[in-house]
Amino acid sequence: MTRLYNDPVDFADEMIDGFVAANKNHVRRVSGGVVRSTRTPEGTVALIVGGGSGHYPAFGGIVGSGLAHGAAMGNLFASPSAQQVESVATAANRGGGVLLGYGNYAGDVLHFTQAQEKLNAAGIPTRSIAVTDDISSAPLAEKEKRRGIAGDLTVFKAAAAAAEAGYSLDDVVGVAQRANERTRSFGVAFSGCTLPGAGAPLFSVPEGRMAVGMGIHGEPGIEETDISTADELAERFVAALLEELPEGIDTVAGNRVGLILNGLGSVKYEELFVVYRRVSQLLEQAGLVIVDPEVGELVTSFDMAGASLTLFWLDDELEGFWRKPADTPGYRKGSVAAVEQLEASEIAEAEAVIIPVSSAESRAAGWVVYEAIEAIASVVDSNVDELGRIDAVAGDGDHGIGMQRGARAGAAAAREALEAGAGAKTLLDSAAAAWANRAGGTSGALWGVALSAVGASLGDTMEPGPADVAAGVAAARDAIMSFGKADVGDKTMVDALVPFSATLADEISGGTELATAWQRAADVATAAATATADLLPRMGRARPHAEKSLGTPDAGAYSLGLIVQSIAVVLASHREEEK
Ligand SMILES: Nc1ncnc2c1ncn2[C@@H]1O[C@H](COP(=O)(O)OP(=O)(O)O)[C@@H](O)[C@H]1O
Ligand SMILES: O=C(COP(=O)(O)O)[C@@H](O)CO
């Protein structure tokens with residue numbers, strides 16, 4: 001239960017303000033997150049980490065000497081947007097290239113990949129590492145699909161130490177990949193967590209039961225059992241992690257391991273120490289040497305009760321990096337050399353947006369687009385709980401709040417652009433950026449590229465007609481499918497979008513006027529969204545829990561159905577006005 005907050009919508013921003021105010025000697029706020037407030041040598045690689053907020057000290061709390069150079073800080077449990085990542089990386093860049101580090105979640109992958117492309121295009125050589133330590137999230141044969149949990153820290157620590165040792169970007173990437181290959185985690189949860197202002201937990205575990213392998217956003221685990229004793233839990237953790245040795249390690253005995261026994265938010269340190277007592281006995285009995293163990297909260301999940309064990313299988317070089325000192329707000333080790341504070345003017349900030357010239361016709365079309373985005377925000381507001389409920393069946397339950405943040409921000413940005421004289425394209429670009437920025441997550445990234453694609457078809461100077469609208473929707477469909485790589489049948493929003501786009505194009509090319517064509521296409525989309533209940537998910541967060549989702553429609557397809565219906569009403573009102 002989160003008790004202390006103001007307006008829940010402002011929680012993440014206010015949390016970051018307070019965090020920065022409390023840690024000025026380590027971090028400085030920039031657009032999208034924080035960067036170190038201390039000088040790092042010119043020419044070294046900058047490690048930019050990130051993810052959703054709600055996991056403190058991940059990710060802002062591990063910015064500082066010996067660890068990250070900056071953190072892109074998303075909203076609660078939602079990845080930061082590409083723009084946030086790009087802005088933090090630009091501010092932290094020291095000329096040696098950038099490594100982006102994040103946990104392997106769909107939203108993070110989409111946004112960080114988009115940022116990587118933009119940074120490379122801007123002349124900042126950028127690579128990335130998606131951490132995949134959670135062994136319960138996919139079998140070994142599909143280990144590239146695993147989620148990142150507390151093992152984020154071992155991978156980031158090794159990469160950061162390599163960067164600080166002056167390694168090239170390629171070599172830092174090599175170290176990060178090797179650290180990721182050699183990091184394995186396994187966790188359990190005893191209860192869910194409640195986001196600020198929410199009336200109920202985002203997810204829950206029945207009283208007295210333990211969800212084995214549950215993810216840090218409540219992603220369902222692999223089994224549920226009665227809560228065990230501390231020793232039994234230690235035995236389960238150790239058995240699971242010793243069963244799957246990283247490639248190149250054939251026997252357990254004789255190895256050296258870094259270790260994290262991580263608390264997820266409301267397990268006491270004292271309880272963790274009781275568990276660690278048995279973990280250390282078991283690992284030593286197995287012939288392992290434990291190097292610099294960390295017992296505490298390093299990647300949390302708000303007030304969730306749970307714990308995980310991470311083993312980091314060391315070689316000589318990785319051990320050197322694991323043991324290096326670090327000094328960050330949420331993680332300290334050894335003593336680091338004195339560091340010099342940077343002047344505010346030495347941190348680059350993003351430039352202001354310029355509104356391109358537009359025609360009166362395009363501005364008039366912009367008004368209709370703005371009304372449509374307001375209608376989206378309103379329908380999402382009315383359905384926020386239902387969208388969350390649907391998403392919670394096999395996902396993380398945040399689809400409603402993510403869409404709400406995105407649509408509200410998109411509508412506000414559209415209004416502002418309109419008042420500044422923007423045409424339809426610029427208005428949609430501003431709305432797209434604001435939506436992706438505020439929403440984060442998978443759907444934030446996808447709605448961002450979709451709105452931009454529609455904008456590109458409408459332009460800033462033409463008078464868009466029905467064929468341009470159909471072309472815009474087709475462009476949005478193509479953008480979502482090429483960016484997200486989902487196909488029809490994967491149980492995503494694509495299942496509603498593809499028939500929507502096809503029906504709209506058919507109706508318009510057959511001479512149906514826009515409002516009627518849109519309404520017919522919207523009805524097809526709604527039916528297609530409902531029909532996703534019969535599908536098994538093959539993409540996104542719901543994928544590992546395919547069978548749980550049977551009988552429930554896909555959240556993103558369902559919200560798309562609601563949205564296109566709400567736009568149909570706006571278009572019909574304009575047709576009425578024309579009569
Ligand atoms: N690769 C993809 N391509 C298209 N849509 C996707 C993809 N992955 C997930 N989705 C859509 O995103 C929705 C989930 O959105 P959201 O809850 O915001 O994201 P997250 O799972 O990152 O929290 C899913 O219901 C699905 O419709
Ligand atoms: O939830 C997180 C990111 O995943 P999404 O796919 O964006 O929901 C975040 O907390 C971890 O980065």
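How does R323 count at 43% relative accessibility, buried or partly exposed? I'll come back to that one after the sheet. Before anything else, please note that this is a predicted model.

So, the sheet. Six strands make it up, and the sheet is open. Going across, the order is β1-β2-β4-β3-β5-β6, with mixed pairing. On the edges sit β1, residues 27-30, and β6, residues 126-131, and each of these pairs on one side only. From one strand to the next, the twist averages 25°.

Look next at β2, residues 33-36, and β4, residues 70-76. These two run antiparallel and are joined by three bridges. If you want a position to find on the screen, take V35: its bridge partner in β4 is G70.

There is also a helix on this sheet. Helix α3, residues 106-121, packs on the sheet and touches β3, β5 and β6. In residue numbers, β3 is 46-53 and β5 is 98-103. The direction of α3 makes about 175° with that of β5.

Now the charged pairs. Side chains of opposite charge can pair when their charged atoms come close. The count for this model comes to 30 salt bridges. I'll show three of them.

The first on my list starts from edge strand β1. R29 forms a salt bridge with D17, and their closest N and O atoms are 2.3 Å apart. R29 belongs to strand β1 and D17 to helix α1, residues 11-22, so this pair ties together parts that are twelve residues apart in sequence. R29 is partly exposed, because its relative accessibility is 31%. D17 has a relative accessible area of 44%, so it is partly exposed as well.

Next, R323, as promised. Its side chain meets that of E319 in a salt bridge, 3.1 Å from N to O. Both residues lie in helix α8, residues 316-323, and they are four residues apart, about one turn of the helix. To answer the opening question, R323 counts as partly exposed at 43%. E319, on the other hand, has a relative accessible area of 11%, so it is buried; the cut-off for buried is under 20%.

The last pair is R477 and D478, whose side chains meet in a salt bridge at 3.0 Å, N to O. R477 has 22% relative accessibility and therefore counts as partly exposed. D478 is partly exposed too, at 42%.

One more item, and it goes back to R29. Salt bridges with shared partners join D13, D17, R29 and R438 into one network. That's what I have.

Methods
Residues are numbered from 1 along each chain as its sequence is written. Chains are lettered from A and ligands numbered from 1 in the order in which they are written. This is a predicted model: local features need pLDDT of at least 70, side-chain atom pairs count only at pLDDT 80 or more; totals for chains, interfaces and linings use all residues. Side-chain values use heavy atoms; hydrogens and water are left out. Two strands pair if DSSP finds at least two bridges between them. Axes are lines fitted to C-alpha atoms, for helices over the stretch in contact, and angles run from 0 to 180 degrees between N-to-C directions. Contact means heavy atoms within 4.5 Å. A salt bridge is a side-chain nitrogen of Lys or Arg within 4 Å of a carboxyl oxygen of Asp or Glu. Buried means under 20% relative accessible area, exposed over 50%, partly exposed in between (1.4 Å probe, protein chains only).
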